[in-house]
Amino acid sequence: MNILENICKTIGKKNNPLYTVVPIAICKGIFRPIFTLSDKKQEPESKKYAAVREGTTELVAIPSYILMSKLTEKLAPAFSPEGKSIEKVLKNSKTTLGFFGICLAALVVIPELCNLVMPHVLKLFKTKDKSPQNQPFTTETQLTFRNMPKYYQYMQVYNPYITPINKPNNSGGGGGMKI
Amino acid sequence: MKVIPTPIQKFVSDPRTAEFVENTIIAVGTETALKMIGRPTFIFLDKEADDKKKKFAALKEFLYQTTCLGLYLTIVPAVKELSYKALSYILSKNPKNKESIDMFNKEAEVVKQAKKRYTKSDKFINRLINGKKDLAIKKAKEAWKKAHSIFEEKIQENSKLHLGKGCHELGAVIGSVITLAIIAPEISHFIVHPLMKFLGFEHPYKNKKN
């Protein structure tokens with residue numbers, strides 16, 4: 001009860017927009033990926049990508065909001081006209097500039113940071129494509145086929161360029177006539 | 001040396017601007033509207049992804065944020081009221097807190113009545129008959145604004161009113177979190193996907209021929 005009372009009194013004295021956007025970002029970072037992964041209509045790979053993207057975005061958002069808000073608050077003296085009741089004026093300027101910092105974070109900083117961070121995060125979750133369609137020949141046979149005319153690449157006939165141990169992958173790959 | 005022009009300084013340091021941005025609903029609504037613009041733009045600027053995926057992702061993000069904003073502005077006032085009632089009920093168990101909350105409710109009621117009088121006088125039919133510059137409407141509007149600014153000054157000066165104001169804003173925070181983190185993702189799923197299909201955007205991984 002005391003904690004709740006103290007929270008209400010702090011917010012009532014001065015309501016910083018950070019007190020709202022940070023809890024929203026934390027809860028979104030938890031719930032949005034959960035809802036995405038529990039979607040039965042989507043494919044597993046796209047679900048994974050979407051969930052990782054959503055979680056990373058909110059993870060990037062939390063420190064961005066805090067940092068941008070604090071940075072813009074530092075500019076308060078430059079935005080406050082000199083003169084009477086400077087302390088009250090500074091307090092108002094800090095509140096307004098803190099909010100503008102959050103807006104800047106939402107509009108520019110967070111999406112840009114996500115673009116920079118996402119490729120590295122996705123690399124950690126990337127699975128190798130093991131389907132034979134994308135690997136028509138083994139590495140050894142590729143080396144052998146390097147200078148081979150195209151006719152021999154696609155025709156499953158006797159091929160003087162192939163040594164007996166290097167065989168092409170025949171499971172639905174490059175097509176070609178079967179003799 | 002003056003770097004920032006005076007009108008901008010006046011706007012930033014104005015107590016009304018500070019009061020405006022301290023309002024939770026306005027702050028979150030503005031932030032969501034900016035996300036609606038910023039995120040799809042930066043998805044388009046992403047050089048790593050291919051065009052088809054970028055278009056799909058940007059449109060999906062735009063529709064999702066638009067849905068969130070619409071849902072937020074619709075649902076959150078009701079959720080805020082419910083949260084405030086729940087919070088004030090819990091805190092009123094302490095007699096000292098009850099006194100503060102009752103004082104806050106009394107002051108807030110004065111502003112509410114002034115607003116009611118203004119909106120009642122400013123009905124469309126009254127404007128049609130009397131015109132926009134009707135004196136009664138003008139007076140009612142000024143009375144409401146004055147009541148509101150007196151109320152805000154009292155909150156700043158009287159620390160007993162902080163608890164009631166805090167309850168109100170915490171209710172808005174709880175409402176915002178529930179709406180944007182739980183309700184919006186679920187409801188937007190039923191809105192965004194059919195809308196994407198209607199606009200002719202299938203998922204880039206669908207219809208991939210084997």
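The crossing of α3(A) and α3(B) is right-handed: by this convention the near helix is turned clockwise from the far one by less than a right angle, whereas an anticlockwise turn would make a crossing left-handed. The contact of α3(A) with α3(B) counts two nonpolar, one polar and five charged residues. Here Ala, Val, Leu, Ile, Met, Phe, Trp, Tyr, Cys and Pro are nonpolar, Asp, Glu, Lys and Arg are charged, and the others, Gly among them, are polar.

The model is predicted: local features need pLDDT of at least 70, side-chain atom pairs count only at pLDDT 80 or more, and totals for chains, interfaces and linings use all residues. Residues are numbered from 1 along each chain as its sequence is written, chains are lettered from A in the order in which they are written, and side-chain values use heavy atoms, without hydrogens and water.

Back to the α3 pair. Helix α3 of chain A spans residues 44–73, and helix α3 of chain B spans residues 24–44. Helices are DSSP runs (H or I, at least four residues), numbered from the N terminus. The two pack at about 120°, with axes 15 Å apart. Axes are lines fitted to C-alpha atoms over the stretch in contact, and angles run from 0 to 180 degrees between N-to-C directions. The helices are therefore oblique to each other. Angles under 35 degrees count as roughly parallel, over 145 as roughly antiparallel, 65 to 115 as roughly perpendicular, and the rest as oblique. R53(A), T57(A), E58(A) and Y65(A) meet E31(B), K35(B), R39(B) and I43(B); contact means heavy atoms within 4.5 Å.

A second pair joins α1(A), residues 2–13, to α8(B), residues 162–198. Their angle is about 95° and their axes lie 7 Å apart. These helices are therefore roughly perpendicular. Among the contact residues are L4(A), I7(A) and C8(A) from α1(A), and L163(B), C167(B) and L170(B) from α8(B). By class, the contact has seven nonpolar, three polar and five charged residues.

Now the whole interface. Chain B gives 58 residues and chain A gives 53. Together they bury about 4,800 Å², 68% of it on carbon and sulfur atoms. Buried area is the accessible area (1.4 Å probe) that two parts lose on being put together, summed over both. In chain B, V12(B), R39(B) and F42(B) lose the most area to chain A.

Salt bridges come last. One needs a side-chain nitrogen of Lys or Arg within 4 Å of a carboxyl oxygen of Asp or Glu. The structure holds eight over all chains, but zero across the interface of chain B and chain A. R32(A) and E54(A) form a salt bridge at 3.6 Å, N to O.
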